[in-house]
Amino acid sequence: MSPQPRPRPYVLVAELTYRCPLRCAYCSNPTELQDRPALAGADWQRVLGEASELGVVQVHFTGGEPLLRDDLEALVARAAQLELYSNLITSGMPLTRDRLAALQAAGLCALQLSFQAARPGASAQIAGVDAFDHKLQVAGWVRELGLPLTVNVVLHRENLDEVDQIIALAERLGADRLELANTQYLGWAYQNRAALMPSLAQLDAARAVVAAARARLRGRMELLFVLPDYHGDRPRTCMNGWGERYIVVTPDGRALPCHAAHILPLVFPDLRAQSLASAWHDSEAFQKFRGTDHLREPCKSCDQREVDHGGCRCQAFLLTGDASAADPVCGLSPQHDLVVAARAAADAAAPALTLRRLRVVR
Amino acid sequence: MPEVSADSRPQLARKARLRTDRLTGETLLLYPEHGLVLNPSAAALLRLCDGRSAGDIAAELGAPLADVLEFLATLSERGLVTT
C-alpha cells in the first residue's frame with residue numbers, strides 16, 4: 001500500500017440541532033437521541049475557527065432545522081469572516097423575509113431549500129406538515145434577494161413518478177441547482193424502507209426523465225441525481241471516503257466522519273473536550289475506516305477498492321451488524337441477499353409510513 | 001446559452017467565489033456544495049473576469065484567444081461564469 005498524503009477535511013457539516021418542524025418519514029437523523037446538552041454558541045464559534053485551520057473551505061449549516069437556532073446569524077457571520085463558503089440547508093420553516101435578509105447580510109453564500117413533492121397534498125403526507133405554500137414563498141424571497149438557490153427533493157416510491165413535475169417546479173422557482181436525492185436507508189428512512197423503496201421500473205423511468213432534462217437545462221440549472229444504491233450492484237463511495245473530505249459535528253458536539261455514523265459502536269470525539277484537529281487526525285473513530293487498509297475480503301483484493309472503499313460503513317452495520325463487513329449493496333458481498341430480500345419485500349408490500357418524532361433516551 | 005466571443009465580458013457567477021487556500025496557497029473556486037482547485041493559469045484568468053472583454057483578458061495573459069474562450073465556455077456551461 002503506497003503511503004497516502006494526510007487527508008484534510010474540505011467540508012464541515014454543522015448539524016446545529018436535530019429539532020425540526022417537519023416530520024419527514026425519509027429523514028436520516030437518528031431515531032433515538034441521547035440526552036446531552038446542545039453545543040453552546042461559543043463552542044460552535046470555536047469549531048468554525050478550528051475547521052478553517054484544518055483546511056475546511058465550505059460549511060453546511062444543517063440539522064434538523066438550523067433556523068431553530070437563534071444564533072445562526074452569528075455563526076454565518078463567523079463563517080464569512082473565515083472566508084468559508086456557507087450553505088444553509090433548510091426546510092424554510094420557520095423563516096421570514098427579514099431573517100433571510102439578515103442571514104444574507106451576515107454573509108450567507110447559498111441556500112438549499114427542501115421540497116417534498118411537486119404538490120401540497122403529497123408534500124404534507126410525507127412531511128406530516130403542510131409547508132408547501134410557505135416553501136414557495138421562501139423560494140421567492142431567495143430569488144428576490146439574489147441568493148443562489150438549490151432545491152433538494154428526496155425521492156422515494158410516492159414521488160418518483162412525478163420527477164418531471166418536480167423539475168418543472170424547480171425551473172419555475174428559478175433554482176440554480178436541483179438535487180434529486182434517492183432515499184438513503186438510514187435513520188427514519190431505514191425504519192420506513194419497505195414503504196419508501198421504489199420499483200426498478202420507477203427508477204429507470206425517472207432516470208430517463210432526468211437525463212433528458214439535464215441536456216435541455218445545461219448552463220441554466222444543474223441537475224443532480226443521487227443514485228439509489230439498493231438498486232445498483234456497486235456501493236456508493238460514502239462521504240468520499242471515511243475521514244477523507246467531510247467532518248460532521250452533531251448538535252451535542254460530537255465529531256463524526258458521516259452524519260449517520262452515530263449508530264456505530266465507536267466512541268466519537270467530544271469537541272467540548274478536544275479540538276477538531278485532534279478528532280480528525282488522532283481519534284480512533286476517524287482512523288478506524290480511513291483509507292483501504294481496514295478492508296477485508298472480498299473488498300481487500302477488489303479492483304474497485306480505491307473507488308468505493310467497500311461502501312457505506314453505516315449501511316454495512318445496519319444490515320449485517322458488522323461495521324467492517326462489505327456493504328451488502330455490493331453484488332460481490334456474501335450478504336448481498338439481504339438487499340435482494342429488502343427489494344422483494346418492498347415490491348410485495350406497502351406498509352404505512354412512520355413519521356419522525358423526537359425520542360430522547362435517558 | 002450565448003456563445004463566448006472576444007467581445008464577451010465574462011464575470012464570475014454570483015454563486016461562485018474565488019479564494020486562496022490557506023494550506024496550499026492555491027486558488028479555489030467555490031460554489032454551492034462544490035469546489036475546484038484551479039491551476040495558476042485558470043486562476044489568473046478568472047481573476048481578470050472583472051468586466052473587461054475576453055479579448056482583453058487573452059491579451060493581458062499573453063494566452064491564445066481560442067484557449068481563453070474554450071475555458072470560459074466550459075465554466076459558462078457549468079453556470080460558474082456569465083458571459
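# Touring chains A and B

Helix 3 of chain A passes helix 5 of chain A in a right-handed crossing (the near helix is turned clockwise from the far one by less than a right angle; anticlockwise would be left-handed). Residues count from 1 along each chain as its sequence is written, with chains lettered from A and ligands numbered from 1 in the order written. You're looking at a predicted model, where local features need pLDDT of at least 70 and side-chain atom pairs pLDDT 80 or more, while totals for chains, interfaces and linings use all residues.

**Stop 1: the helices of chain A**

Select 97–106 for helix 3 and 132–145 for helix 5 of chain A. (Helices are DSSP runs of H or I with at least four residues, strands are runs of E with at least two, and both are numbered from the N terminus.) The axes of these two helices come within 10 Å and cross at roughly 40 degrees (axes are fitted to C-alpha atoms, for helices over the stretch in contact, and angles between N-to-C directions run from 0 to 180 degrees). That crossing makes helix 3 of chain A oblique to helix 5 of chain A (under 35 degrees is roughly parallel, over 145 roughly antiparallel, 65 to 115 roughly perpendicular, the rest oblique). Now show the side chains where they meet: helix 3 of chain A brings Arg97(A), Leu100(A), Ala101(A) and Gln104(A), and helix 5 of chain A brings Trp141(A), Val142(A) and Leu145(A). (Contact means C-beta atoms, placed from the backbone, within 7 Å.)

Keep helix 3 of chain A on screen and add helix 2 of chain A, residues 72–81. Here the angle is about 25 degrees and the axes are 8 Å apart, so helix 2 of chain A and helix 3 of chain A are roughly parallel to each other. This crossing is right-handed too: helix 2 of chain A passes helix 3 of chain A that way. Which residues make the contact? Pick Leu72(A), Glu73(A), Val76(A), Ala77(A) and Ala80(A) on helix 2 of chain A, then Ala102(A), Leu103(A) and Ala106(A) on helix 3 of chain A.

**Stop 2: the sheet of chain A**

Switch to cartoon view and look for an open sheet of nine strands in chain A, in the order 8-7-6-5-4-3-1-9-10 with mixed pairing (strands pair if DSSP finds at least two bridges between them). At the edges stand strand 8 (222–226) and strand 10 (255–256) of chain A; each has a single partner strand, so one side of each is left without a neighbour in the sheet.

Zoom in on the strand 10 end. Strand 9 of chain A, residues 246–249, pairs with strand 10 of chain A over two bridges in the antiparallel sense. Click Val249(A), and you'll find Ala255(A) of strand 10 standing opposite.

Next, select helix 6 of chain A, residues 163–173. Three strands of chain A lie under its path: strand 5 (110–115), strand 6 (149–155) and strand 7 (177–182). Against strand 6 of chain A, the helix runs at about 165 degrees.

Before leaving chain A, find Gln34(A), which lies in strand 2, residues 33–34. Setting aside residues up to four places away in sequence, Gln34(A) touches Asp252(A) and Val361(A). How many residues apart in sequence are Gln34(A) and Val361(A)? There are 327 residues separating their positions, yet the C-alpha to C-alpha distance is 5.3 Å.

**Stop 3: where the chains meet**

Show both chains: 15 residues of chain B are in contact with 18 residues of chain A. On the chain B side, at least two residues each come from strand 2 (17–20), strand 3 (27–31) and helix 3 (65–77).

**Stop 4: inside chain B**

Chain B has an open sheet of three strands, ordered 2-3-4 with antiparallel pairing. Its edges are strand 2 and strand 4 (34–38) of chain B, each pairing on one side only. On average, neighbouring strands here are turned by 25 degrees against each other, direction ignored.

Four bridges join strand 2 of chain B to strand 3 of chain B. Try two pairs: Arg19(B) faces Leu28(B), and Arg17(B) faces Leu30(B). These strands form a hairpin with six residues between them, and Gly25(B) in the turn has a positive phi of about 80 degrees.

Now add helix 1 of chain B, residues 40–47, lying across strands 2, 3 and 4 of chain B at about 110 degrees to strand 4.

Finish with helix 2 of chain B (54–61), which packs against helix 3 of chain B at about 125 degrees, axes 9 Å apart. The two are therefore oblique to each other. Show Ala54(B), Gly55(B), Ile57(B) and Ala58(B) on helix 2 of chain B, facing Leu65(B), Val68(B), Leu69(B) and Leu72(B) on helix 3 of chain B, to see the contact.

How values were computed
Contact = placed C-beta atoms within 7 Å.
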